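Okay, thanks for coming, everyone. Let me put the structure up on the screen, and then we'll walk through it together.

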Amino acid sequence: MQHKEIKIDAGSLRELTDHRTVVLPLACYETVIKQNIHGHIPLHWHTELQFVYVVQGTAVFRVNEVQQMVKQGEGIFINSGSLHMAEDEHHSGSVYICLNVSPSFVLPQELYTTYVYPYTHATNLPFLLLSPSEPWALHILSSIEAINTCIKLQSPCYEIHIVEHLASIWRNFMQNGMVLEYNQAETRKNQRMKEMLNWLHMHYAEKIKLEDIAKAGNLSRSETCRYFKQILNTSPMQYVIDYRIKQSLVLLHDPESSVTDVGYRVGFNSTSYFIDKFRDAMNMTPLTYKNQVPRQKDISP
């Protein structure tokens, strides 16, 4: 199982997890969404390609501005650099196998430019649903499960078997027939979103105004609100509040910290306001959450 807290760079939102085995630049593990410290998989991105196979329940993934439900038996491909998050749909107990792999490792380097690079840079491919009703997708899902088994058992030459499965995954992935597109405006849009989030995550503990966030993305206030609504389905200032609450969860683990101190450290200028917003987000007060922390384990079994 994965750690309950994904390590994410506070500024850029890039995931800091080292996605690799001892010798291979990939990682494959099972994730229980509800066991994450936030109760969901928070917004992040990484340079690795991600293949997900839902083995229990239903997960809702948000990739850039699109929301995609992925049911048990289905999967999803998330492209390199795409902002994404995941939630458990209606307390279904969603569990999925997650395969993260460096794009340069999918195929031999001599084939990378021709067969991998065009897909990682296509602007119309932030994600792709993997439905078991499609033979090419079913083969990918089976290969994800096989790679997970290889890593668990580590039988002789298991690394070679993984390489074989990766090549098979990519061959089948290319057989889905998608016509790739390259839109410079879409690329710039995603970059501006990351620039605004990067600035916000560096300054979240300070007094923040909508104008500040807009300036970071070189946008007007109305355009900034539109970006946040389309991509994150929230307003800029609500995102600030939600992010501050998420940061407070980590600080509340410190037995020496007080609720008042934590509230001010994450940017709330009023303890009562911090408590109200924390209760709205977590259905409990910060003190109740803090008192529960010692009884929680940091790593799932």
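Let's start with a single side chain: which residues does M69 touch, not counting residues up to four places away in sequence? There are T58, A59, V60, E74, E89 and L129 on that list. Before I go on, please keep in mind that this is a predicted model.

So, where is M69? You'll find M69 in strand β5, which covers residues 66–71. T58, one of the contacts I just named, is eleven residues away from M69 in sequence, and the two C-alpha atoms are 7.1 Å apart. And is M69 buried or exposed? Neither, really: M69 has a relative accessible area of 37%, so we call it partly exposed, given that buried means under 20% and exposed over 50%.

Next up, the sheet. We have an open sheet of five strands here, and if you read across it the order goes β1-β8-β3-β6-β9, with antiparallel pairing. Which strands stand at the edges? Those are β1, residues 26–32, and β9, residues 127–130. Each has a single partner strand, so one side of each has no neighbour in the sheet. Going from one strand to the next, the twist averages 15 degrees.

Let me zoom in on one pairing. Strand β6, residues 75–78, runs antiparallel to β9, and four bridges join them. If you want a spot to click on, G75 sits opposite L130 in β9.

Then there are helices packing on this sheet. Helix α4, residues 135–153, touches β1, β3, β6, β8 and β9, and its direction makes about 95 degrees with that of β1. Helix α5, residues 158–174, also packs on the sheet and touches β1, β3, β6, β8 and β9. For α5 the angle is taken against β3, and that one is about 95 degrees.

Now for the charged pairs. How many salt bridges does the structure hold? Six, and I'll show you some of them.

The pair I'd like you to look at is K189 with E65, where the side chains meet at 3.2 Å, N to O. This pair links distant parts of the chain: K189 is in helix α6, residues 184–203, while E65 is in the loop between β4 and β5, and they're 124 residues apart. Check the accessibility too: K189 is at 12%, so it counts as buried, whereas E65 is partly exposed at 27%.

Then there's R188 with E195, with the closest N and O atoms 3.3 Å apart. R188 is partly exposed at 34%, and E195 is partly exposed as well, at 25%.

Over in helix α11, residues 271–282, we have R279 and D276, three residues apart, so to speak about one turn of the helix. Their side chains form a salt bridge at 3.4 Å, N to O. R279 comes out at 37% relative accessible area and D276 at 39%, which makes D276 partly exposed.

Last stop, for the docking-minded among you: the second largest pocket. About 530 Å³ of space lies in there. Its lining is made up of 25 residues, and the ones nearest the centre are S80, G81, T123, T187 and N190. Which element gives the most to that lining? That's α6, with seven residues, the helix where we found K189 a moment ago.

That's my tour, so over to you.

Definitions and conventions: Residues are numbered from 1 along each chain as its sequence is written. This is a predicted model: local features need pLDDT of at least 70, side-chain atom pairs count only at pLDDT 80 or more; totals for chains, interfaces and linings use all residues. Side-chain values use heavy atoms; hydrogens and water are left out. Helices (H or I, at least four residues) and strands (E, at least two) are DSSP runs, numbered from the N terminus. Buried means under 20% relative accessible area, exposed over 50%, partly exposed in between (1.4 Å probe, protein chains only). Contact means heavy atoms within 4.5 Å. Two strands pair if DSSP finds at least two bridges between them. Axes are lines fitted to C-alpha atoms, for helices over the stretch in contact, and angles run from 0 to 180 degrees between N-to-C directions. A salt bridge is a side-chain nitrogen of Lys or Arg within 4 Å of a carboxyl oxygen of Asp or Glu. On a 1 Å grid over the protein atoms alone, a cavity is a set of points where a 1.4 Å probe fits but cannot get out, and a pocket is an open set with protein on both sides within 12 Å along at least five of seven lines; lining residues have an atom within 4 Å of a point. Grid points are joined across faces, edges and corners, and a volume is the space filled by probe spheres set on the points.
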